[in-house]
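This report sets out the fold, the core, the charged contacts and selected backbone features of one protein chain. The sequence and structure are shown first.

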Amino acid sequence: MSAARNCRLIGRWRIVEADLWGRDYLDLVEPATITIRANGHGEIAFGAMQAGLDLAYSTSMVSFTWAGCDEMDEVSGDGHAELLDSGSIEITFAYHNGDEAILKAKRETSSARASSTT
């Protein structure tokens, strides 16, 4: 994959839909988001799950491994996010030896491109 500077997914995205969970669950603890930074890292949070991302980039897609906590249990997995023609992203999010979900997210309007240092 190419350098992060060419990636159109860098920034903060609001997760608005999932095939496995309703909106109430997605926003259970805080608004559901995924943040894709240019420094190879990011975060995702929805429901009671919060995790850090290790990213690899292309122009219109990122792939990632993730690790974090869900209701105080350690969880991990992998996935990828792809930019759609509509300007939203579709995220395939898989738990290690568990569920796989498809999430949809829209760019947060107040978000500028995330810097490589945050």
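The sections below proceed from the overall fold to individual residues.

## Basis and overall fold

The structure is a predicted model, in which local features need pLDDT of at least 70 and side-chain atom pairs count only at pLDDT 80 or more, while totals for chains, interfaces and linings use all residues. Residues are numbered from 1 along each chain as its sequence is written, and side-chain values use heavy atoms, with hydrogens and water left out.

The protein chain contains one helix and eight strands. Helices (H or I, at least four residues) and strands (E, at least two) are DSSP runs, numbered from the N terminus. In sequence order, the elements follow the pattern β-α-β-β-β-β-β-β-β. Of the 118 residues in the protein chain, 42% are buried. Here, buried means under 20% relative accessible area, exposed means over 50%, and partly exposed lies in between (1.4 Å probe, protein chains only). The areas themselves come from the Shrake-Rupley method with a 1.4 Å probe, and for residues only the protein chains shown count as cover.

## Nonpolar core

A nonpolar core is a set of buried Ala, Val, Leu, Ile, Met, Phe, Trp, Tyr and Cys residues joined through side-chain atoms within 4.5 Å. The largest such core has 32 residues, and the members that touch the most others are I15, I44, F46, I91, F93 and L103. At least two core residues come from each of β1, β2 (33-36), β3 (41-46), β4 (49-57), β5 (61-70), β6 (73-83), β7 (89-95) and β8 (100-107). With five residues, β4 gives the most to this core.

I15 is located in strand β1. Its relative accessible area is 0%, and I15 is therefore classed as buried. The C-alpha atoms of I15 and E108 lie 9.5 Å apart in space, although the two residues are 93 residues apart in sequence.

## Salt bridges

How many salt bridges does a search of the whole structure find? The search finds five, a salt bridge being a side-chain nitrogen of Lys or Arg within 4 Å of a carboxyl oxygen of Asp or Glu. Three of these contacts are listed below with their N to O distances.

| Basic residue | Acidic residue | N to O distance |
|---|---|---|
| R23 | D27 | 3.0 Å |
| R37 | E43 | 2.5 Å |
| K104 | E90 | 2.9 Å |

In the contact between R37 and E43, R37 is buried at 15% relative accessible area, whereas E43 is partly exposed at 33%.

E90 and K104 meet through their side chains in a salt bridge. This pair links distant parts of the chain, with E90 in strand β7 and K104 in strand β8, 14 residues apart. E90 is partly exposed at 27% relative accessibility, and K104 is partly exposed at 25%. Elsewhere, R14, R23 and D27 are joined into one network by salt bridges that share partners. Within that network, R23 has a relative accessible area of 38% and is partly exposed; D27 is partly exposed at 23%.

## Negative surface patch

E17, D19, D78 and E100 form a negative surface patch. Patches are made of residues with over 30% relative accessible area and no salt bridge, with like charges joined within 9 Å and nonpolar side chains (Val, Leu, Ile, Met, Phe, Trp, Tyr) joined within 5 Å. Asp and Glu count as negative and Lys and Arg as positive, while His and the chain ends are not counted. The place of a charge is taken as NZ of Lys, CZ of Arg, CG of Asp or CD of Glu. E17 belongs to strand β1 (residues 11-18) and is partly exposed, with a relative accessible area of 46%.

## The loop between β5 and β6, and E74

Which residue in the loop between β5 and β6 has a phi near 50°? It is E71, for which this positive value occurs in a residue other than glycine; E71 lies in the loop between β5 and β6. E71 is exposed, with a relative accessible area of 58%.

M72 is also placed in the loop between β5 and β6. The phi of M72 is positive, at about 70°, although M72 is not a glycine. At 81% relative accessibility, M72 is exposed.

E74 lies in strand β6 and is exposed, with a relative accessible area of 75%. Its C-alpha atom is separated by 10.0 Å from that of Q50, 24 residues apart along the chain.
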